[in-house]
Amino acid sequence: ALTALAAKAADASKINGWISDSMCGAKHTGSGAECVKKCIAGGMKPVFVDEEKKAVWSIDNPDAVKDFYGSHVVVTATADASTKSVHIDAIEAAK
């Protein structure tokens, strides 16, 4: 999903994944919301983990995800493959 997104960086795509932290990355997807919140409170940056590929992407607008730390989400995002970062245009809890 993100590789297809990266090929068309100007187009936003909906991607399922998790909001984690830069220290733990994909390690806590689905089970570590408290750890994610603690790590971010301790200075780590929020990251987006692609559910399908377990790829970890930095978030260039981290305030967009502050209510979703540790959560399974669907994001509408634009990726920049050169910096391995995403810009979150919209976020919602995954169903």
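**Figure 1. Overall view of the predicted model and its long-range contacts.** Residues 24 or more positions apart account for 60% of the contacts in the protein with a separation of 6 or more. The model shown in this and the following views is predicted. Two helices and five strands make up the secondary structure of the protein, and their order along the sequence is α-β-α-β-β-β-β. Of the 95 residues, 38% count as buried. The structure also holds two salt bridges and one cavity of 30 Å³ or more. These features are taken up in turn in the views below.

**Figure 2. Strand E2 and its residues.** Strand E2 comprises residues 46-50 and is mostly covered, with five of its five residues buried. Pro 46, Phe 48 and Asp 50 point one way from the strand, whereas Val 47 and Val 49 point the other way. Residues of both sets are buried.

**Figure 3. Pairing of strand E2 with strand E1.** Strand E1 spans residues 13-21 and is joined to E2 by five bridges. The two strands run antiparallel. Within this pairing, Ser 20 has Val 47 of E2 as its bridge partner. Ser 20 also belongs to the lining of the largest cavity, as does Ile 19; that cavity is the subject of Figure 7.

**Figure 4. Pairing of strand E2 with strand E3, and the hairpin between them.** Three bridges link E2 to strand E3, residues 56-59, in an antiparallel arrangement. Phe 48 has Trp 57 of E3 as its bridge partner, and Val 49 stands opposite Val 56 of that strand. The two residues of each pair may be compared for burial. Phe 48 is buried, and Trp 57 is buried as well. Val 49 is buried, whereas Val 56 is not. The hairpin of E2 and E3 has five residues between the strands. In this hairpin, Lys 54 takes a positive phi near 60°.

**Figure 5. Strand E3 and its pairing with strand E5.** The side chains alternate along E3. Trp 57 and Ile 59 point to one face and are buried; Val 56 and Ser 58 point to the other face and are not buried. Strand E5, residues 85-93, is joined to E3 by two bridges, and these strands run parallel. The bridge partner of Ser 58 in E5 is Ser 85. Strand E3 thus appears in two pairings in these views: antiparallel with E2 and parallel with E5.

**Figure 6. The two salt bridges of the model.** One salt bridge is formed by Glu 34 and Lys 37, whose closest N and O atoms are 3.9 Å apart. Both residues lie in helix H2, residues 33-41, where they are three residues apart, about one turn of the helix. Glu 34 is exposed, with a relative accessible area of 59%, and Lys 37 is partly exposed at 39%. The other salt bridge is formed by Glu 52 and Lys 53, with 3.8 Å between the closest N and O atoms. Glu 52 has a relative accessible area of 66% and is therefore classed as exposed. For Lys 53 the value is 38%, so this residue is classed as partly exposed.

**Figure 7. The largest cavity and its lining.** About 30 Å³ of space lies in the largest cavity. Its lining is formed by Trp 18, Ile 19, Ser 20, His 28, Thr 29, Gly 30, Gly 32, Val 36 and Gly 70. Strand E1 supplies the largest share of this lining, three residues. By class, the lining has three nonpolar and six polar residues, and no charged residues.

**Figure 8. Surroundings of Gly 70, one of the residues lining the largest cavity.** Gly 70 is among the residues that line the cavity and lies in the loop between E3 and strand E4 (72-80). The relative accessibility of Gly 70 is 15%, so this residue counts as buried. Leaving aside its neighbours within four places in sequence, Gly 70 is in contact with Trp 18, Ile 19, Ala 33 and Val 36. Of these contacting residues, Trp 18, Ile 19 and Val 36 also line the largest cavity. The C-alpha atoms of Gly 70 and Val 47 are separated by 9.9 Å, and the two residues are 23 residues apart along the chain.

How values were computed: Residues numbered from 1 in each chain as written. Predicted model: local features only at pLDDT ≥ 70, side-chain atom pairs only at ≥ 80, totals over all residues. Heavy atoms only, no water. Salt bridge = Lys/Arg side-chain N within 4 Å of Asp/Glu carboxyl O. Helix = DSSP H or I, 4+ residues; strand = E, 2+ residues; numbered from the N terminus. Buried < 20%, exposed > 50% of the residue type's maximum accessible area, 1.4 Å probe, protein only. Pairing = 2+ DSSP bridges. 1 Å grid on protein atoms, 1.4 Å probe; cavity = no way out; pocket = protein on both sides within 12 Å on 5 of 7 lines; lining within 4 Å. Points joined across faces, edges and corners; volume = space filled by probe spheres on them. Nonpolar A, V, L, I, M, F, W, Y, C, P; charged D, E, K, R; others polar. Contact = heavy atoms within 4.5 Å.
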